[in-house]
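Open your viewer and turn on the cartoon. We will take this one stop at a time.

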Amino acid sequence: MNFIEVQRLTKLYGTVRAVDDLTFRVEPGRVTGFLGPNGAGKSTTMRMVVGLDRPTSGTATVGGRAFRALDNPLRHVGALLDAGAAHGARRARDHLLALAHSNRIPVRRVAEVLEETGLSAVAGKRVRTFSLGMRQRLGIAAALLGDPAVLMLDEPANGLDPEGIIWIRTLLKRLAADGRTVLISSHLMTETALTADHLIVLGRGRLLADTAMDTFLRQHTHRRVRVRTSEGSRLHAELVRAGWAAAPDGSGGWLVEGAEPADVGALAARRGIPVLELADEAPSLEDAYLRLTADAAEFVSATPKTQEV
Ligand SMILES: Nc1ncnc2c1ncn2[C@@H]1O[C@H](COP(=O)(O)OP(=O)(O)OP(=O)(O)O)[C@@H](O)[C@H]1O
């Protein structure tokens, strides 16, 4: 009973349909990535799950119950929606102690989550002296405090350094492997691809996809091969003659759409063209996501960029 369920959920702000007839279920045992362009309705949906906003219609429940109806809700749902939520004048440990007291959470959990999030050494410092990454860790500590079966985190890697990003990725996977329900919203496609097993994608408040990561990649990308040769223009001409679409990859090689390495390798061998490098290009989540959301993005830059490292 630890799933998040959203049924026909709708939220209007004036005439803006922030969330529009949304239905999905977030299952335990896996990390679910919650994606969508700016303004797609992710935060509004998450706020309704934890009772910070009221639906115009429809329901958002945890384990079949409204968040407001849960006793000691932090013991059921840990949420990180705004890492700035802790009072700046409070010491980190006191912030967590106050949350523990008000939710009947054993005090020993405070030391445990401080340790888990790497904050033990700064537990006595005031929150206003914390860096963005330290505040983020404190927000994550608060979400973990009640040892909840459901975790919902908005941009969990925000402000974390490279070591911190690996830490949060490993932590989220472990929490899901323990059988918890983990929902993370993010705009970081590379990080989401490394962390999530399942995706829920919104566009303009509506559901665009609710799919396993590998299915999503298969559905919204096609395979391609990267090839490098000392005779680029000859290879290009041969590829085109054989019916393949090939385009420069921007660093001296070629990308052949829809091909497998064997197709390109065999063709080059038949024509006696030296191949210096030949690689299957793994489909990227960024490509798949941009393809799916192209029509649903409200705010689009003049020159959309797709390169990501
Ligand atoms: N309190 C509010 N009052 C009025 N409009 C709001 C309010 N909160 C959100 N909105 C609007 O609702 C829509 C959805 O916003 P929301 O913050 O849920 O999107 P999001 O997917 O979380 O976006 P982002 O990725 O930029 O955080 C937007 O058009 C936003 O302007």
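**Stop 1: around the ligand**

By class, the ligand's shell has 4 nonpolar, 6 polar and 1 charged residues. Keep in mind that you are looking at a predicted model.

Now select the shell itself. Pick Tyr13, Val16 and Ala18. Add Gly36, Asn38, Gly39, Ala40 and Gly41. Finish with Lys42, Ser43 and Thr44. These are the residues around the ligand.

Which element gives the largest share of the shell around the ligand? Select α1: it supplies 3 residues, the largest share. α1 covers 42-49. Then colour β2, residues 16-26. Both β2 and α1 supply at least two residues of the shell.

**Stop 2: the two domains**

Zoom out. Colour 4-212 as domain 1 and 222-282 as domain 2. How many Å separate the centres of domain 1 and domain 2? The answer is 44 Å, taken over C-alpha atoms.

**Stop 3: an open sheet**

Next, select the strands β5, β6, β7, β3, β8 and β9, in that order across the sheet. They form an open sheet of 6 strands with mixed pairing. Look at the edges: β5 (77-80) and β9 (206-212) stand there. Each has a single partner strand, so one side of each is left without a neighbour in the sheet. On average, neighbouring strands of this sheet are turned by 15° against each other, direction ignored.

**Stop 4: one strand pair**

Stay with β9 and add β8, residues 198-203. The two run antiparallel, and 6 bridges join them. For a last click, select histidine 198. Its bridge partner in β9 is alanine 212.

Note on methods: Residues are numbered from 1 along each chain as its sequence is written. This is a predicted model: local features need pLDDT of at least 70, side-chain atom pairs count only at pLDDT 80 or more; totals for chains, interfaces and linings use all residues. A residue is near a molecule or strand if its C-beta atom, placed from the backbone, lies within 6 Å of it. Helices (H or I, at least four residues) and strands (E, at least two) are DSSP runs, numbered from the N terminus. Ala, Val, Leu, Ile, Met, Phe, Trp, Tyr, Cys and Pro count as nonpolar, Asp, Glu, Lys and Arg as charged, and the others, Gly among them, as polar. Domain bounds come from an automatic or database domain assignment. Two strands pair if DSSP finds at least two bridges between them. Axes are lines fitted to C-alpha atoms, for helices over the stretch in contact, and angles run from 0 to 180 degrees between N-to-C directions.
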